[in-house]
Amino acid sequence: MTQTNYTDKVKRIAIIANGKYQSKRVASKLFSVFKDDPDFYLSKKNPDIVISIGGDGMLLSAFHMYEKELDRVRFVGIHTGHLGFYTDYRDFEVDKLIDNLRRDKGEQISYPILKVVISLDDGRVIKARALNEATVKRIEKTMVADVIVNHVKFERFRGDGISVSTPTGSTAYNKSLGGAVLHPTIEALQLTEISSLNNRVFRTLGSSLIIPKKDKIELVPRRLGIYTISIDNKTYQLKNVTKVEYFIDDEKIHFVSSPSHTSFWERVKDAFIGDIDS
Ligand code: NAP
């Protein structure tokens, strides 16, 4: 955990909510409390703290709204359903959040994010950041692509596609694909296959790869065509992708540290296992 000194500063707060009735109610309560508090200033421009109200999906949207300001922004998530992975508070804990923000001295918890660099055959290069994962798929035909790990030509993949996820994204699409759940403090990326073709002729490793921060992952499609690239909750159709490179970004996502932070393993248990005493 690290700390920024906010003691003498009015905190600029941005409140972002999804369209659910319960989220709007929570947002209006926060607006009414912070608008009359001289220690806070409500603004969607240049915030110090972004409060996302909804679920993990809403936090993904909030991340992308402020992805160019990650060096100065801290996030807080309120879930208006079940407990999430990016959300430290439930909707009935708003008063606790307000108290914690009044006492906040800038403590933060930070997690790695993914940097993706996509090269196209017309020379264009597209750069993106992902909080959960980036996937590359070829919809109309089998995707054939070389997977290169730290300059080692590792395998020629044939199948639906490849997902590369962050540690916090390991519990999202990656898990549905059979990938491992990674503790979010581990600085690593996870490469997971999407329906690979494996038989006597075509071979891939089959299991997912956990790649350390210093190693680079490259995906080199062997065929021109339309590729479907998803970065978290956004999907793009790109023509003639020649290379996709994946790195752990130099920047991280920072969350306001909560004294009542639920442990990662409790969240995993709560989300996927439930009560084991019955
Ligand atoms: P969505 O379909 O509304 O949300 C997908 C579900 O994933 C929601 O229940 C969401 O939780 C949950 N989720 C998001 N991030 C998570 C995380 N880090 N760990 C565990 N669960 C997480 O789509 P969306 O809101 O646009 O979110 C996009 C994300 O959906 C993608 O990043 C991808 O990971 C995931 N996704 C999963 C599958 C799959 O599992 N087959 C397929 C496509 C996409 P909340 O209910 O709290 O929002």
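What follows is a conversation about a ligand site and a pair of helices.

Modeller: This is a predicted model, in which local features need pLDDT of at least 70 and side-chain atom pairs count only at pLDDT 80 or more, while totals for chains, interfaces and linings use all residues. Residues are numbered from 1 along each chain as its sequence is written, and side-chain values use heavy atoms, with hydrogens and water left out.

Biologist: What makes a residue one of the 17 that surround the ligand?

Modeller: A residue is near a molecule if one of its heavy atoms lies within 4 Å of it, and 17 residues surround the ligand, with D56, H79, E133, T171 and S176 among the closest.

Biologist: Why is the pair between H79 and an oxygen atom of the ligand called a polar contact?

Modeller: A polar contact is a pair of N or O atoms within 3.5 Å (within protein, one must be able to donate a hydrogen and the other to accept it, and residues adjacent in sequence count only if both atoms are side-chain atoms). A polar side-chain atom of H79 lies 2.7 Å from an oxygen atom of the ligand, so the pair falls within 3.5 Å. For N132, a polar side-chain atom lies 3.0 Å from a nitrogen atom of the ligand, and for T168 a backbone N or O atom lies 3.0 Å from a nitrogen atom of the ligand.

Biologist: How do you know that residues of α1 meet residues of α3?

Modeller: Contact means heavy atoms within 4.5 Å, and V26, K29, L30, V33 and F34 in α1 meet V94, D95, I98, L101 and R102 in α3.

Notes
Helices (H or I, at least four residues) and strands (E, at least two) are DSSP runs, numbered from the N terminus.
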